[in-house]
Amino acid sequence: MEEHIVEMKGVALAFGDKSILKDLNIAVKPRERLVVLGQSGSGKSTLLRLIVGILSPNSGSVRFKGREVTKMRRPHLNRMRQKIGMVYQYSALISSLSVRDNLALPLEELTVKGEEEIEKIIDEKLAMVDMQDTKLMMPSELSGGMRKRIGLARALVMHPELILFDEPSAGLDPVISSVIDELIISLTEKTDATSIIVTHEMESAFKIATRMAMLYQGNIIEDSAPAAFRNSKNPVVSQFVSGSTKGPILEGKNHGGQKK
Amino acid sequence: MIDMAHEMGDNMFRGRPPFRVAIFFEQTDRAGVGSVPLVALVSFFLGLTMSLLTGYQLRPYGTERLVPGLVAIGFSRELGPLITGIMVAARIGAAFTAELGTMTVSEEVEAIEAMGIGPLRFLVAPRVLAVFLLMPCLVVISNVMADLGAALICKWQLAIPLLYFGDLVHTSIESRDIIAGTVKSFLFGLIVGVVSCYKGLSVEGGAAGVGDSTTSSVVIAITTVIICDTLCNIVLVAIYP
C-alpha cells in the first residue's frame with residue numbers, strides 16, 4: 001500500500017472559545033492534487049499551517065511521510081519544512097529582498113550549494129513561472145499575479161515533495177487566475193510533487209483538483225473525485241458548488257449530524 | 001526561547017555563524033551610522049546647556065573650574081549611556097519593531113519559518129547584535145560631543161581655554177567612570193535590541209497592532225533602560241564607592 005504523504009487524524013483546534021477544527025480526518029497520497037474547499041473562516045488555511053507545523057492542534061495527530069509533526073523538535077521540524085513548499089494568499093515575499101534574493105534565501109540558508117549553482121536554480125525556477133525578467137526587481141514593483149508566480153517559484157526552489165497553496169487565485173482577474181491554475185497543474189506534474197490547495201473558488205478548484213474535500217464546521221464532510229463532488233447529495237456541498245443563497249450554509253444547519 | 005536555543009545550536013553544529021553576516025552589516029549601518037547625527041547633535045546641546053547652567057551656579061563661588069570634570073564624568077558615567085539608550089530605543093527600537101511587526105502581519109515571518117529557516121539567524125540575531133555592538137560607539141560619540149559643547153561654553157562664558165579644559169577633564173575622569181559607562185552601554189543596547197525584536201515578532205492584529213506594538217516597544221525599552229541604569233548605579237557605587 002502506498003504511504004500517505006500527509007495524514008491527519010482526529011485533529012481538533014480552537015482559538016480561545018472558538019472551535020476551528022473538530023475531529024478532522026484526512027489523508028493525502030503522493031502526487032495527488034487535493035483541493036480543500038470551504039467558506040471563508042472555515043479553517044482551510046489553519047489546516048495548511050498544521051501540516052507545516054506553524055500551528056499545533058489541541059488534540060489529534062498530524063503526520064508528514066509517517067512522522068508525527070506535532071511532536072517534532074525545532075531542528076527536525078525545520079528539516080521537514082524543507083520538503084514542503086508553501087505559496088501564500090498574498091505571496092508573503094520578503095519585501096526588503098529582491099526577487100532573486102527571495103528565491104536564493106532558502107538555498108543560501110539551508111543548503112551548501114555554491115553561488116553558480118544557486119543562480120542556475122533561480123534562473124530555472126523563474127523560467128518555469130515565466131518571470132525571468134523580474135530577477136532584479138523588488139516585490140513592491142510587481143503586480144499581484146507576478147507576486148503569486150514568484151511565490152510559486154520560491155516554493156519550488158528546494159524541490160519540495162509537497163506544495164501547499166493558500167488561496168492561489170484570490171484577488172486575481174480571471175485570466176491571471178487561469179494562468180496560475182495552469183501553472184499549478186503543470187508544475188506539480190513536472191516536479192512530481194503532491195499538492196494541497198485551499199480555495200473557495202469553484203472554477204479553479206474543478207480545474208486543478210484530482211480530489212476534492214469540503215471543510216465545514218470543523219470537519220471534512222465530503223471527500224471525493226471532482227465529478228462525484230460536483231454531483232454530491234450533501235446539501236452543504238451542493239449549495240457551495242452552485243453558489244445558491246438558499247440552503248443549509250446560510251440557515252446555519254450542520255449536515256454532519258450535529259446542531260451548530 | 002527553547003526553539004531559538006535549538007536553532008542557534010543547530011547552526012553552530014553546521015559550522016555557520018548564528019546570524020546572517022550581510023544583514024548584520026546592513027543593520028549596523030542603519031542602527032549605528034544612521035544614529036550618529038541625532039546622538040551627536042542632542043549630546044552637543046546637552047553638554048552645552050549643562051556647562052552653561054552649572055557654570056553660572058558655580059561662578060559666584062569661584063569654582064567654575066569644576067565644570068569640565070562635572071560634564072565629562074556626568075556624560076561618560078551616566079548621561080551618555082542613558083541619553084543614547086533612550087534615543088536608540090526611540091529611533092532604532094521603534095524601527096525594528098515596526099519592520100518586524102509589518103513582516104509578521106504580512107506573513108513574511110511565517111513564510112521564513114515555513115521554509116525551515118528559523119527567525120533567529122535571519123531576523124533577530126543581526127539586529128540585536130548590531131545594536132549591542134554599536135551602542136558603546138554611539139556613547140563615545142555622545143561623550144565627545146557633550147565635552148565639545150561644554151568646552152565651547154567654558155571658553156566663551158567661563159574663561160577656561162580649550163587646552164585647560166582638556167587638562168581638567170583628564171585629571172577629573174577615572175577609569176571607573178569609563179568602565180561604568182561602557183558596561184551600561186552594552187546592557188542598554190542589548191535591552192533595546194531584545195525588546196524591539198520581541199515586540200515586533202509578537203505583533204497581532206494588523207496595522208493597528210503594529211502601531212500598538214511599536215509604542216509599547218519604545219515605552220518598555222526606555223523604562224527598562226532607566227530602571228537598569230538605576231540598578232547599575234547602585235551596583236557600581238557599591239563596587240567603586
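Buried means under 20% relative accessible area. That cut-off applies to the predicted model shown here.

**View 1. Burial and overall fold of chain B.**
Of the 241 residues in chain B, 51% are buried. The chain has nine helices and zero strands. Along the sequence, its pattern reads α-α-α-α-α-α-α-α-α. A box of roughly 70 × 40 × 30 Å, taken along the principal axes, holds the C-alpha atoms of chain B. For contacts in chain B between residues at least 6 apart in sequence, 84% join residues at least 24 apart.

**View 2. Surface and charges of chain B.**
About 10900 Å² of chain B is exposed. Carbon and sulfur atoms supply 74% of that area. Chain B carries 14 positive and 19 negative charges. The mean positions of the two sets lie 8 Å apart.

**View 3. A nonpolar patch on chain B.**
Five side chains are in focus: B:Ile179, B:Val183, B:Val235, B:Ile239 and B:Tyr240 make a nonpolar surface patch of about 420 Å². Two elements of chain B each give two or more residues to this patch: helix 8 (175-201) and helix 9 (206-239).

**View 4. B:Tyr240 in the patch.**
B:Tyr240 sits in the segment after helix 9 of chain B. Is this residue buried, partly exposed or exposed? B:Tyr240 is partly exposed, because its relative accessible area is 32% and the partly exposed class lies between under 20% and over 50%. Patch residues need over 30% relative accessible area, and B:Tyr240 has 32%. Its partners in the nonpolar patch include B:Ile239 and B:Val235.

Technical notes. Residues are numbered from 1 along each chain as its sequence is written. Chains are lettered from A and ligands numbered from 1 in the order in which they are written. This is a predicted model: local features need pLDDT of at least 70, side-chain atom pairs count only at pLDDT 80 or more; totals for chains, interfaces and linings use all residues. Side-chain values use heavy atoms; hydrogens and water are left out. Patches are made of residues with over 30% relative accessible area and no salt bridge: like charges are joined within 9 Å, nonpolar side chains (Val, Leu, Ile, Met, Phe, Trp, Tyr) within 5 Å. Accessible areas come from the Shrake-Rupley method with a 1.4 Å probe; for residues, only the protein chains shown count as cover. A salt bridge is a side-chain nitrogen of Lys or Arg within 4 Å of a carboxyl oxygen of Asp or Glu. Helices (H or I, at least four residues) and strands (E, at least two) are DSSP runs, numbered from the N terminus. Buried means under 20% relative accessible area, exposed over 50%, partly exposed in between (1.4 Å probe, protein chains only). Contact means heavy atoms within 4.5 Å. Lys and Arg count as positive and Asp and Glu as negative; His and the chain ends are not counted. The place of a charge is taken as NZ of Lys, CZ of Arg, CG of Asp or CD of Glu.
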